[in-house]
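Please read the following briefing alongside the sequence and the coordinates. It is arranged by topic, with terms explained where they come up.

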Amino acid sequence: MSQITKFQCPHCNAPVDVNPEDAIFNCISCGQAFLSDGTEFKNHYILENKFNQKQVQDIIKQFIKKKGFMRGIKGYKITKLEPILMPFWVATSDAYTHYVGFKRYTETKTRTVGSGKNRRTVTESVTVYRPVDQEIREKRADVLLGRRGSSMFGYRKVKQILQSEFSHAVPFNHNRLMSTEKEFDYLSTEISLDAANQLAKTEVFDNHRARAEKACTKVFDCATQITYTGTYFVHTPVWQIEYVFQGETYRVAILGSSGKIIAGEIPVTTRFRLIFLGLTGLFFIGGGVGSYFLGLDYIAPIIIGVVVSIIGFFTLKNVFKPVSVVE
Ligand SMILES: [Zn+2]
């Protein structure tokens, strides 16, 4: 692998700085994807962004209005609103596994013994060993983040969403990135195509093995075959937002293809704490009064006491968290 640090895009002639660690990088001007040796990478796909800066701002305002209602969040300021393209690998494959083992379980059997006056039914439990010989055959789309040790807010959720929405991805087209005032920031991938296929393979093996183990008490043999049907580099549009409230910074991530909030932090305010403490107090009083009137025996107050303490514990836990994360 040759290491290029300066590159000129053959499509639009824009100069591109390349990080030697990038396995695939993009032209910052036209978005074309290139392998580290400078050849074009064709299997470049995208989930299309459908929201602009103004619409994203409205989504955040709605989110804070709805979630921040009890918290009294007013006078916050959006300090960062950055559209990025998160890089993912999607390895599609036909996976086939054949596994053999046995399943042990207990069965209750009733039978009649004796005759005449001594005739009676007995119930006994019998241990049964049933041989298992099964196949798994499926079309898969395994998704991996293209960056190592990443701390991008909300990327785990994006990965899950991409797994189910990959069929909506379209061949990459820079001109269809709608963001009016702001340009999307292309993130390159440090994980190569080969490494992505290798990681996907491990994921398929582990997944099928786990399923075989779930179906058997003991697995004797488990063999998996994978035929890759295409590995795609998929850019997923995510708006990364930061807002400041009472001196603290909170993060929100919005998926550009659906406008969904992937993850959002909401401050836990003093007002919120007081409301929750009040509610917890009411629960305790309610529980006490309830058990006084209902408590004809001693079991009812104990049950009510336990329930109220559990609810109380969870509401109190909520109160002492510095920030809530909504997903
Ligand atoms: Zn270009």
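In the hairpin of E11 and E12, five residues lie between the strands, and glycine 259 takes a positive phi near 75°. This is a predicted model, in which local features need pLDDT of at least 70 and side-chain atom pairs count only at pLDDT 80 or more, while totals for chains, interfaces and linings use all residues. Residues are numbered from 1 along each chain as its sequence is written. Helices (H or I, at least four residues) and strands (E, at least two) are DSSP runs, numbered from the N terminus.

**Strand pairing and hairpins**

- E11 (residues 248–255) and E12 (residues 261–267) pair in the antiparallel sense over three bridges, where pairing requires that DSSP finds at least two bridges between two strands.
- Valine 252 stands opposite glycine 264 in E12.
- E10 and E11 pair in the antiparallel sense over eight bridges, and the bridge partner of tryptophan 239 in E11 is isoleucine 254.
- The hairpin formed by E10 and E11 has two residues between the strands, and in its turn glutamine 246 has a positive phi of about 50°.

**Positive phi outside glycine**

- Most residues other than glycine have a negative phi.
- Asparagine 13, in the loop between E1 (6–8) and E2 (15–17), has a positive phi near 65°.
- Asparagine 13 is exposed because 10 other C-beta atoms lie within 10 Å; a residue is exposed if 12 or fewer other C-beta atoms lie within 10 Å of its own, buried if 20 or more do, and partly exposed in between, with C-beta atoms placed from the backbone.
- Glutamine 246 likewise counts as exposed, with 10 C-beta neighbours inside 10 Å.

**Helix H3 and the nonpolar core**

- Helix H3 (residues 193–215) has 23 residues and reaches 33 Å from its first C-alpha to its last, close to the 33 Å expected at 1.5 Å a residue, the expected span being 1.5 Å times one less than the number of residues.
- The buried residues of H3 are Ala196, Ala200, Val204, His208 and Ala212, and they pack against strands E6 (77–113), E7 (120–145) and E10 (218–245).
- The largest nonpolar core, a set of buried Ala, Val, Leu, Ile, Met, Phe, Trp, Tyr and Cys residues joined through C-beta atoms within 7 Å, has 50 residues, of which Phe88, Trp89, Val90, Leu144, Val234 and Ile254 touch the most other members.
- Not counting residues up to four places away in sequence, valine 234 touches Tyr45, Ile46, Leu47, Phe88, Val90, Leu162, Phe166 and Ala169, contact meaning that C-beta atoms placed from the backbone lie within 7 Å.

How values were computed. Contact = placed C-beta atoms within 7 Å.
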